Amino acid sequence: MPNTIPENYHGDIIVNGKPTHPEDFQVVRQGPPESFSSKLVAQRAFAKGAVIATLEGLTPGAKRYSTVQISKTEHIELNSDLVFMNHSCDPSTLMDVDRMVVSATRDLAAGDELTFFYPSTEWDMAQPFSCWCGSSKCIETVQGAQYLSTETLSKFELSNHIKELIQARDA
């Protein structure tokens with residue numbers, strides 16, 4: 001499957017062309033869709049640990065830039081505005097695929113960008129890229145957990161399938 005944005009994917013998601021969680025977050029476009037520079041921002045405050053969204057109504061799919069890995073072998077399409085969550089090495093949210101929720105890693109205010117640490121769910125990324133987040137924990141190249149040391153990964157909250165894959169790799 002090609003790694004291009006679908007024709008009917010214009011920033012506010014495919015679902016009838018309307019935002020999927022308008023009271024909770026919104027897509028902020030920053031350039032043409034093919035630039036992959038849009039971001040997701042909170043529409044309201046969320047306390048640390050609060051559930052921002054549940055992961056439901058998801059479609060299984062092959063590994064690609066728009067999927068999230070939910071087990072050692074399965075990926076899902078987010079089918080919502082959550083697909084616009086960018087990576088950060090100092091993430092504002094946790095993509096908790098074990099509980100199937102997205103939760104706040106710290107107190108968030110309206111306007112804060114919603115990000116997650118991609119290797120927390122991804123063993124091997126379909127499209128690796130350079131990270132410029134500037135965090136003291138920055139991994140520089142985002143390509144999946146398998147490419148990071150156990151020591152580096154210990155600084156982040158990880159999904160159970162990533163923890164199991166690390167244990168198998170390090171055994």
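Buried residues are those with under 20% relative accessible area. In this predicted model, they make up 41% of the 171 residues of the protein.

**Figure 1. Overall view of the predicted model, with its secondary structure elements.** The protein comprises 12 strands and 2 helices. Read from the N terminus, the order of elements is β-β-β-β-β-β-β-β-β-β-β-β-α-α. Among contacts with a separation of 6 or more, 58% join residues that are 24 or more positions apart. The accessible surface amounts to about 9000 Å², and carbon and sulfur atoms account for 49% of that surface.

**Figure 2. Close-up of the largest nonpolar core.** This core contains 37 residues. Those with the most contacts inside it are Leu40, Ile52, Leu82, Met85, Met95, Leu114 and Phe117. At least two core residues come from each of strand S1 (25–28), strand S2 (39–42), strand S3 (51–54), strand S9 (101–104) and helix H2 (160–170). The element that gives the most is H2, with 3 residues. In soluble globular proteins, nonpolar side chains tend to be buried together.

**Figure 3. Surroundings of Leu114, one of the core residues with the most contacts inside the core.** Neighbours within four places in sequence are left aside in this view. Leu114 is then in contact with Phe25, Leu40, Val41, Ala42, Ile52, Met85, Asn86, Ser92, Thr93 and Leu108. Among these partners, Leu40, Ile52 and Met85 also belong to the core residues with the most contacts inside the core.

**Figure 4. Surroundings of Ala53 in strand S3.** Ala53 has a relative accessibility of 4% and therefore counts as buried. Its C-alpha atom is separated by 5.8 Å from that of Val101, although the two residues are 48 residues apart along the chain. When neighbours within four places in sequence are left aside, Ala53 is in contact with His21, Phe25, Leu82, Val101 and Val102.

**Figure 5. The buried and exposed sides of helix H2.** His161, Ile162, Leu165 and Ile166 are the buried residues of H2. Viewed down the helix axis, the buried residues of H2 fall within an arc of 140 degrees, so they line one face of the helix. An α-helix has 3.6 residues a turn, so residues three or four places apart point the same way. The buried residues of H2 pack against strand S5 (67–69) and helix H1 (150–153). Exposed residues Gln167 and Ala168 are carried on the face of H2 turned away from its buried side.

**Figure 6. Surroundings of Ala145 in the loop between strand S12 (141–142) and H1.** With a relative accessible area of 0%, Ala145 is buried. The C-alpha atoms of Ala145 and Thr121 are separated by 8.0 Å, and these residues are 24 residues apart along the chain. Not counting residues up to four places away in sequence, Ala145 touches Pro119, Glu122, Trp123, Leu153, Ile162 and Arg169. Of these partners, Ile162 is one of the buried residues of H2.

**Figure 7. The aromatic cluster formed by Phe116, Tyr118 and Phe129.** The whole structure holds 3 aromatic pairs. In one of them, the ring centres of Phe116 and Tyr118 are 4.8 Å apart and the ring planes lie at 45 degrees, so the pair is tilted. Both Phe116 and Tyr118 are buried, and the relative accessibility of Tyr118 is 15%. The rings of Tyr118 and Phe129 have their centres 5.9 Å apart and their planes at 80 degrees, so this pair is edge-to-face. The pair of Tyr118 and Phe129 links distant parts of the chain, 11 residues apart. Tyr118 lies in the loop between strand S10 (115–116) and strand S11 (129–130), whereas Phe129 lies in strand S11. Phe129 is partly exposed, with a relative accessible area of 30%.

**Figure 8. The cysteines Cys89, Cys131 and Cys133.** A disulfide requires two cysteine sulfur atoms within 2.5 Å, and by this rule the count comes to 0 disulfides. For Cys89, the closest cysteine sulfur is that of Cys133 at 3.9 Å, which is too far for a bond. For Cys131, the closest cysteine sulfur also belongs to Cys133, at 3.6 Å, and is likewise too far for a bond. Cys89 is buried, with a relative accessible area of 0%. Cys131 counts as buried at 9% relative accessibility.

Note on methods:
Residues are numbered from 1 along each chain as its sequence is written. This is a predicted model: local features need pLDDT of at least 70, side-chain atom pairs count only at pLDDT 80 or more; totals for chains, interfaces and linings use all residues. Side-chain values use heavy atoms; hydrogens and water are left out. Helices (H or I, at least four residues) and strands (E, at least two) are DSSP runs, numbered from the N terminus. Buried means under 20% relative accessible area, exposed over 50%, partly exposed in between (1.4 Å probe, protein chains only). Contact means heavy atoms within 4.5 Å. Accessible areas come from the Shrake-Rupley method with a 1.4 Å probe; for residues, only the protein chains shown count as cover. A nonpolar core is a set of buried Ala, Val, Leu, Ile, Met, Phe, Trp, Tyr and Cys residues joined through side-chain atoms within 4.5 Å. The arc is that of the directions from the helix axis to the C-beta atoms. Rings of Phe, Tyr and Trp (its six-membered ring) pair if their centres lie within 6.5 Å; planes under 30 degrees apart count as stacked, over 60 as edge-to-face and the rest as tilted.
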